[in-house]
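Colleague: I'm new to reading protein models. Could you walk me through a few features, one at a time?

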Amino acid sequence: MWRWGLLLGLATWLAAAAPANAAKAYVSNEKGNTVSVIDTGTWAVVNTIKVGQRPRGIEFTKDGKFVLVAVGDDDTIQMIDTSNDKIVDTLPSGADPEFFVQDEAGKTLYVANENDNTVTIIDIAKRSLLGDVQVGVEPEGMAISPDGSILINTSETTNMAHFIDTKTHQIVANVLVDSRPRFAAFKQDNSELWVSSEVGGTVSVIDPAKHTVIDKIKFNIPGLRSEAIQPVGINITNDGKTAFVALGPANRVAVIDGKTHQVTKYLLVGQRVWHMAFTPDGKYLLTTNGLSNDVSVIDVAALKVIKSIQVGELPWGVTISPQ
Amino acid sequence: MSKPIRIFLPLVGFVVFALAGTALAADPRYPDWPCAQAKVPEVSVAAVWAGPALDDATGKWKDDAETSALVARLSARRTPIEDAEAQISKYLASKPANKSEAGKELFAGVFETLNEQRSSVMSGLERTMRKQRAAAEKIREDTATLHGLQDAASPDQTKINALADQLGWQTRIFEDRSKVVRFVCDVPNAIDQRLFALSRAIQQGMED
């Protein structure tokens with residue numbers, strides 16, 4: 001009898017432990033005012049969390065304990081406790097937060113407030129305001145250099161990537177890119193900074209030390225008008241060998257050779273694809289497809305779309321638990 | 001003032017407001033487009049298809065009874081999308097010898113059919129918008145006439161009541177139509193979504 005009990009106990013334990021091992025993806029649904037939680041082991045939506053109005057930027061804290069989500073129309077950032085998926089606190093983000101980044105240590109959060117031309121700086125642990133940087137232009141995309149010394153802020157008005165020193169909060173360089181720069185991403189080794197231009201339809205590759213554009217990636221999809229190609233999200237593998245660029249209403253993700261900057265493939269994902277995130281093992285890339293209300297799963301090695309998962313209305317951003 | 005007048009006057013305000021609202025959202029290229037959603041006149045093949053070039057599949061699908069029957073079932077909104085996807089996968093699995101041709105023809109059929117559905121919904125919306133504009137003009141005129149009757153030295157109460165009643169009805173029809181328009185405005189998007197999902201299932205079925 002005790003053996004049965006033991007076996008049963010073991011089985012229960014295994015059943016409980018198995019899903020907990022798989023990383024969870026949190027997807028902000030801009031129009032649904034919810035966050036969908038996806039189990040990356042089973043690719044099923046396991047929870048839907050009601051959040052504030054117009055959730056967009058979304059990011060795990062580095063310790064994996066919380067998910068931060070910018071709810072622009074409520075002028076705040078909500079903190080979701082990932083142990084029970086409940087909203088437990090808010091951060092003083094300033095007005096209409098859309099997007100934010102955190103430093104490598106996971107201590108400081110930089111928030112782009114599009115309407116009042118500021119970047120708000122927040123101490124995540126203390127949940128308090130550290131200060132504002134007047135960037136003087138509409139901040140849109142942001143990225144932090146791997147060593148944490150430089151904050152990149154792209155601006156729709158100036159069509160520039162502004163380099164801001166994270167210690168002095170001064171702009172130290174400006175690099176002109178194509179129209180409506182939307183997103184910025186560094187290679188892990190700090191050798192390149194990539195900036196997507198949504199209206200220009202290009203990705204500028206910048207040398208972060210020299211502050212110069214060293215290459216410009218263009219996209220061409222037969223049968224699609226060029227204005228349907230609107231690059232937004234950029235995700236580069238940790239080894240820097242492959243990059244993925246989400247092309248908005250082209251419904252595709254471009255696969256780019258990290259060294260030669262040549263487009264090697266276009267993957268049809270879902271309608272109006274914007275943002276993406278890798279699973280912690282780097283095997284899969286998840287994309288948010290706003291108009292088809294789903295998330296596509298790309299097998300990174302095979303470069304194939306293996307799954308699409310229905311989420312809430314107008315999915316915007318996605319973040320996956322670090323492991 | 002008689003009772004009906006008090007009821008319809010706020011509604012006339014609504015009519016003017018409703019038209020002004022649609023005018024604000026308008027794209028100058030499509031003056032009759034009544035929706036807040038942008039008008040995309042046609043979906044291009046490349047926006048939904050990454051499979052092989054269609055070549056002559058575009059004309060062929062109609063000649064094959066099995067394909068055209070399946071196209072009709074897949075395109076019908078009453079077929080749940082999960083069922084449609086299952087039917088696609090089953091159909092393509094039954095054509096191991098010429099899966100690519102079968103997939104291309106099926107896609108060509110679905111693409112053509114749903115694009116036609118989209119066009120007819122969109123032209124219906126624009127036709128309704130033109131009717132609404134004419135109705136609003138009529139309501140404005142009748143309101144002016146009514147005010148004229150009321151301001152007369154010896155108001156004809158029977159006439160006033162009749163016109164007030166008529167205005168009440170006109171306004172109500174206008175308002176109902178506006179509600180339907182707002183609802184129908186979502187249909188082109190819903191068709192786009194269906195087309196994309198079907199196209200994805202066909203490409204998946206061709207690769208399996």
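Colleague: Let's start with B:Asp176. Which helix is it found in?

Modeller: B:Asp176 is found in helix 7 of chain B, residues 157-184. Keep in mind that this is a predicted model.

Colleague: Is B:Asp176 buried or exposed?

Modeller: A residue counts as exposed if 12 or fewer other C-beta atoms lie within 10 Å of its own, and as buried if there are 20 or more. B:Asp176 has 10 such neighbours, so it is exposed. You can also look at distances: the C-alpha atoms of B:Asp176 and B:Glu101 are separated by 47 Å, with their positions 75 residues apart along the chain.

Colleague: How should I read a helix, then?

Modeller: An α-helix has 3.6 residues a turn, so residues three or four places apart point the same way. Try helix 8 of chain B, residues 187-207: its 21 residues reach 30 Å from the first C-alpha to the last, close to the 30 Å expected at 1.5 Å a residue.

Colleague: How many residues of helix 8 of chain B are buried?

Modeller: 15 of the 21, which makes helix 8 of chain B mostly covered.

Colleague: What about the place where the chains touch?

Modeller: The size of an interface is often given as the accessible area lost when the parts come together. Here we can count residues instead: 10 residues of chain B are in contact with 12 residues of chain A. On the chain B side, helix 2 (45-48) and helix 8 each supply at least two residues. That side divides into 6 nonpolar, 2 polar and 2 charged residues.

Colleague: Now for sheets. What should I look for?

Modeller: Strands of a sheet pair through backbone hydrogen bonds, either parallel or antiparallel. In chain A, one open sheet has 4 strands in the order 3-2-1-28, with antiparallel pairing. Its edge strands are strand 3 (44-50) and strand 28 (315-320), each of which pairs on one side only. From one strand to the next, the twist averages 25°.

Colleague: How many bridges join strand 2 and strand 3 of chain A?

Modeller: 6 bridges, in the antiparallel sense, with strand 2 covering residues 34-39 of chain A. Within this pair, A:Asp39 stands opposite A:Ala44 of strand 3.

Colleague: Why is strand 26 of chain A described as largely enclosed?

Modeller: Because 5 of the 6 residues of strand 26 (residues 294-299) of chain A are buried. Strand 26 of chain A is joined by 6 bridges to strand 25 (residues 284-289), and the two run antiparallel. Strand 26 also pairs with strand 27 (residues 304-310) of chain A, again antiparallel and over 6 bridges. Look at A:Val297: its bridge partner is A:Leu286, and A:Val297 also stands opposite A:Lys307 in strand 27 of chain A.

Colleague: What do the turns beside strand 26 of chain A look like?

Modeller: Strands 25 and 26 of chain A form a hairpin with 4 residues between them, and A:Asn293 in that turn has a positive phi of about 55°. Strands 26 and 27 of chain A also form a hairpin with 4 residues between them; there, A:Leu303 has a positive phi of about 55°.

Colleague: Where does A:Val269 lie?

Modeller: In the loop between strand 23 (263-268) and strand 24 (273-278) of chain A. A:Val269 has 29 other C-beta atoms within 10 Å, so it is buried. Among the residues A:Val269 touches are A:Asn251, A:Thr287 and A:Ser296. The C-alpha atoms of A:Val269 and A:Asn251 are separated by 5.9 Å, although these residues are 18 apart along the chain.

Methods: Residues are numbered from 1 along each chain as its sequence is written. Chains are lettered from A and ligands numbered from 1 in the order in which they are written. This is a predicted model: local features need pLDDT of at least 70, side-chain atom pairs count only at pLDDT 80 or more; totals for chains, interfaces and linings use all residues. Two strands pair if DSSP finds at least two bridges between them. Axes are lines fitted to C-alpha atoms, for helices over the stretch in contact, and angles run from 0 to 180 degrees between N-to-C directions. The expected span of a helix is 1.5 Å times one less than its number of residues. Two residues are in contact if their C-beta atoms, placed from the backbone, lie within 7 Å. Ala, Val, Leu, Ile, Met, Phe, Trp, Tyr, Cys and Pro count as nonpolar, Asp, Glu, Lys and Arg as charged, and the others, Gly among them, as polar.
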